Amino acid sequence: MELCDMSAVELGRLLRKGEITSREVTLSALRRIEEKESDLKAYITVTADLALEMADRADRRFRNGEEVSPLEGIPVAVKDVLCTEGIRTTCGSRILADYVPPYHATAVRKVLESGAVLLGKTNMDEFGMGSSTENSAFGPTHNPADPERVPGGSSGGSAAAVAAGETVIALGSDTGGSIRLPAAYCGVVGLKPTYGRVSRFGLIAYASSLDQVGPIARTVEDCALLLECVSGHDRRDTTSAGAQKRGFADTLKRGVRGLRIGLPREYFVEGLDPKIRDRILEAVRLLERNGGRIVDVSLPHTKYAISAYYLIATAEASSNLARYDGVRYGYRTDRDVSDTVRMVEVTRSEGFGREVKRRIILGTYVLSAGYYDAYYLKAQKVRTLVKQDFDRALELVDCMIAPVSPFSPFRLGEKTEDPLQMYLVDVYTVSLNLAGLPGLSLPCGNADGLPVGMQIIGRPFDEATVLRVGYAYEQMRALE
Amino acid sequence: MEFEPVICFETHVELKTNRKLFCDCAVTYDAAPNSSICPVCTAQPGALPILNRKAVELALKAGLALDCDINRLSRFARKNYFYPDLPKGYQISQYERPFCEHGHLEIPGDNGQTHSVGIRRIHLEEDAGKLVHSASSLGASDFSLVDYNRAGVPLLEIVGDHERNPLRSLQEARTYLEKLRQIIRYIEVSDCIIEKGQFRSDVNISLRKKGARDFGHRAEIKNMTSFRFISDALEYEIKRQSEILRSGGVVLQETRLFDEQRKVTVPMRSKEDAPDYRYFPDPDLVEVEAGRDLINRIRETLPEMPDQKVLRLTGEYGIPRDDILILTRERETSDYFAACAPQCRDTVRLGRWIIRDLFNLLNEKHMTIVDCPVGPGDFSELINLLDQGAITDPMARSMLKEMFDRRCTPESLLTDSAYRPIKDPHVLEKYAEEVLAEHPEAVSKIRNGAMEPVNFLVGQVMRKTKGKADAKKVRSLIQEKLGI
């Protein structure tokens, strides 16, 4: 196994013992990028020189016996939705193709302060809008499991890079499933934390009440480490939770004995690919054999979640994306225009991709006079009902298990003709964003040679239980 | 006139905070363009707002001073529209649950009775940046520049309620704005300096038949600053709307702008073009709680309000009402008076001297009373010396000038012979006789019954003594000598 294919935990052990250097690990990842990038296109920007500089710094700290964090010297890739000071940040869009942020996102700053080595910025659906990474202005990313298929989206670049060894760990973002879906499609582990767990300062906003930054890695424990690093209250994000108890890694290895695990019956109905259903139920039985108690639960408002999500997300997006007007930064049209109104119109028409424009128009309509009550307000009420479903169910159980996607990774171009078809890919993931709950996606087998992922859903701020169940399952699978 | 105006203001007041409303940038005036900006107030991708708590406290203070109900929970909302000086493409303002509602401001009405003008709401919002055009007007310019120093500065919007005792005339409108400005300055929520754009109003005016209960269509005139222009604009509008109504026409409900050169209002946009701001609660900010403890704490910081102060000072010190109004117009002036009064025997004289002599000197030197180099203690001492007759009026005036320039006490000046009054009757007599000899025409006029020339002769003696004689003594001396 190459260094770039190993886990952060294992690499950390070897680095501390002095058996390897961070430079060696980084070079391993950079070589893999060179090998695979032309097939995968997971990265928008690779920061090779900076990475080696950072690796050398990490190596100096190891040599001097300085106190280091668990991520010291570990290569990390960052989804291009997070601002990196001095390093181009495009959000997958032409309108920010040459944008260089003057500041770091808080999550990025924390990761860099922990000594991790920045390999580059990964590809994504433009402004997070998409489920396949086909909406990027820089071309699609390919699934390492099958390059003719999508890696999922919108954090497709990060998930593919992790799966292919083009990085050890990565940061992604999730608004309606954008970490969990690509993690499932690429066969890696991804976590959407509780809303408010990780600061959104510097996360280029799609839907403010739904967005969260989260880790993507090849093991549950690596995810736990990266989550520990980036979480915490940030005064710069008013919606980030106050005093947070952490230490997810501490309870990771406690096993599932005695835990009550719910199966929401509305999630296991027609429309779910039977092979995927089978993989998930096999995983559930494995957990049961090892001491978990399986409980049937109901989430009756499930069928309204997608509509509520697309009304709320697009409404907030239409407002969040209003700042891209060509005045202060980013793309501005070359065309000779008569006044600022035309300049803004033409700039945005030329700079935004079709899906982004579609959602801005939809969101503007949802908020418009005469429709606000019927759409936006109504959707928020439905959101409350969806959340109440989860609150009630999570009183009966400690966590829940669900599919991530109703079907396997689809072919590139298969769903691009019908946007609604693409929206329905998110049925199993959007509810967690509406309810603000944590959700882990991890591999639970293959169907027709393609990765299948399952979701573990937890109570607010109970990432510890979610990670614990995930870790236990991961161990069980390794033994089988 | 058969129509009565219904006038209502929406006033924007720039808060007296050090920092902007949603970021740590300093609030500046006249600084180099774009020298006080950050990722938040220039709306860089990924930036988020952080609420400035001091601004909230000032908003609550204004609400309490204007007798409003304070909402326990209030929300911020996004007002969405595109303009180059609005970096996010939306303004963070308040919509459904502002901080304060249902207050009022009492003014003396035209009919002499107190008019309790309704305040509908007071809310917080951020200011936009400033556009500078390359030529004198937007139409003539090849390009415009944007300065974001002002973007994000906290504004308080104070909205009148046309359904509860609206303003009924130009005079009441002016009085309302002056009173509002006075109160906001009193409670130190804003300096309200009009020239710096810290006190701007949109005014709504409609006409209705005298005695009618429902409202006519209103014109909204935006972004007015000086009281003068507001008066001119309202006057023009009353004329314009009356003419339309009289000829049987319909006044359009619209937004207009005031043309300062031609002194007319012109349409800006009609109701059909009115933008849909698509207000919704800002998801980046949590609800703000104004609990009882906070409100009580802020209430305790409210100073005595101008009306209360006028009543109390009139009662306590017996100073004429007109003088009291001037003394209480600005809080700093009344604070100065309040510091002097307990030390002075003659508070009426004290009041006069502040209003006339102290103000004259301050104006001359372009100072405000806050910068006055003569403290209340020394000033009181000066007044007391005058009261005792230890010095004369003209001497007191020159002493005051010296105290200003040299920052010295009155006592230290008394040792100077220039400030010792001439009390010696022989000296006074000599001067009096000189003057009588030099002005025989005046003397004969007096002997023929005229009294006016006596003042003239007294004045001449005062000149000879360089103001060091006691004017009263001089007058009785002259009258004695002329046998009157």
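1. How do the residues of the lining of the largest cavity divide into nonpolar, polar and charged? In this predicted model, that lining holds 10 nonpolar residues, one polar residue and four charged residues. The volume of this largest cavity is about 110 Å³. Its lining is made up of 15 residues, and those nearest the centre are Cys41(B), Lys88(B), Glu126(B), Ala151(B) and Gly152(B). Lys88(B) and Glu126(B), both of the charged class, are thus named among the residues nearest the centre.

2. Enclosed space is found elsewhere too, with a count of eight cavities of 30 Å³ or more. The second largest cavity holds about 60 Å³. Its lining comes from chain A, with Gly128(A), Gly130(A), Ser131(A), Gly153(A), Gly176(A), Gly177(A) and Ser178(A) taking part. Tyr206(A), Tyr309(A), Tyr310(A), Arg359(A) and Asp426(A) also line this cavity. By class, the second largest cavity is lined by seven polar, three nonpolar and two charged residues. Glycine is placed in the polar class here, a point to keep in mind when reading that split.

3. One of the lining residues of the second largest cavity, Gly153(A), also takes part in a cis peptide bond, which runs from Gly153(A) to Ser154(A) with omega near 10 degrees. Ser154(A) sits in the loop that joins β3 (117-122) and α5 (156-163) of chain A. A second backbone feature to check is Phe461(A), whose phi is positive, about 65 degrees, although the residue is not a glycine. Phe461(A) belongs to the loop between β11 (450-458) and α15 (463-479) of chain A. Both items deserve a mention because most residues other than glycine have a negative phi, and most peptide bonds are trans.

4. Turning to the open space, the second largest pocket has a volume of about 1100 Å³. There are 33 residues in its lining, and Pro108(B), Lys179(B), Gln182(B), Pro306(B) and Asp307(B) are the ones that lie nearest the centre. Elements of chain B that each supply at least two lining residues are α1 (53-65), β6 (100-108), α2 (170-186), α5 (306-317) and α6 (321-329). Of these, α2(B) gives the most, with eight residues. The lining of this pocket divides into 13 nonpolar, 10 polar and 10 charged residues.

5. How many residues does each chain bring to the contact? Chain A contributes 37 residues and chain B contributes 31 residues. About 2700 Å² is buried between the two chains, with 57% of that area coming from carbon and sulfur atoms. On the chain A side, the residues that lose the most area to chain B are Thr238(A), Arg323(A) and Arg328(A), which together account for 22% of what that side buries.

6. As for specific pairs, two salt bridges cross the interface of chain A and chain B. One of them links Arg235(A) and Asp24(B), with the closest N and O atoms 3.2 Å apart. The interface also has 20 residue pairs in polar contact, both residues being at pLDDT 80 or more. On the side of chain A that touches chain B, the elements giving two or more residues are α9 (302-320), α10 (340-351) and α11 (354-367) of chain A. The largest share, four residues, comes from α9(A). By class, this side of chain A has 19 nonpolar, 10 polar and eight charged residues.

Notes: Residues are numbered from 1 along each chain as its sequence is written. Chains are lettered from A and ligands numbered from 1 in the order in which they are written. This is a predicted model: local features need pLDDT of at least 70, side-chain atom pairs count only at pLDDT 80 or more; totals for chains, interfaces and linings use all residues. Side-chain values use heavy atoms; hydrogens and water are left out. On a 1 Å grid over the protein atoms alone, a cavity is a set of points where a 1.4 Å probe fits but cannot get out, and a pocket is an open set with protein on both sides within 12 Å along at least five of seven lines; lining residues have an atom within 4 Å of a point. Grid points are joined across faces, edges and corners, and a volume is the space filled by probe spheres set on the points. Contact means heavy atoms within 4.5 Å. Buried area is the accessible area (1.4 Å probe) that two parts lose on being put together, summed over both. A salt bridge is a side-chain nitrogen of Lys or Arg within 4 Å of a carboxyl oxygen of Asp or Glu. A polar contact is a pair of N or O atoms within 3.5 Å; within protein, one must be able to donate a hydrogen and the other to accept it, and residues adjacent in sequence count only if both atoms are side-chain atoms.
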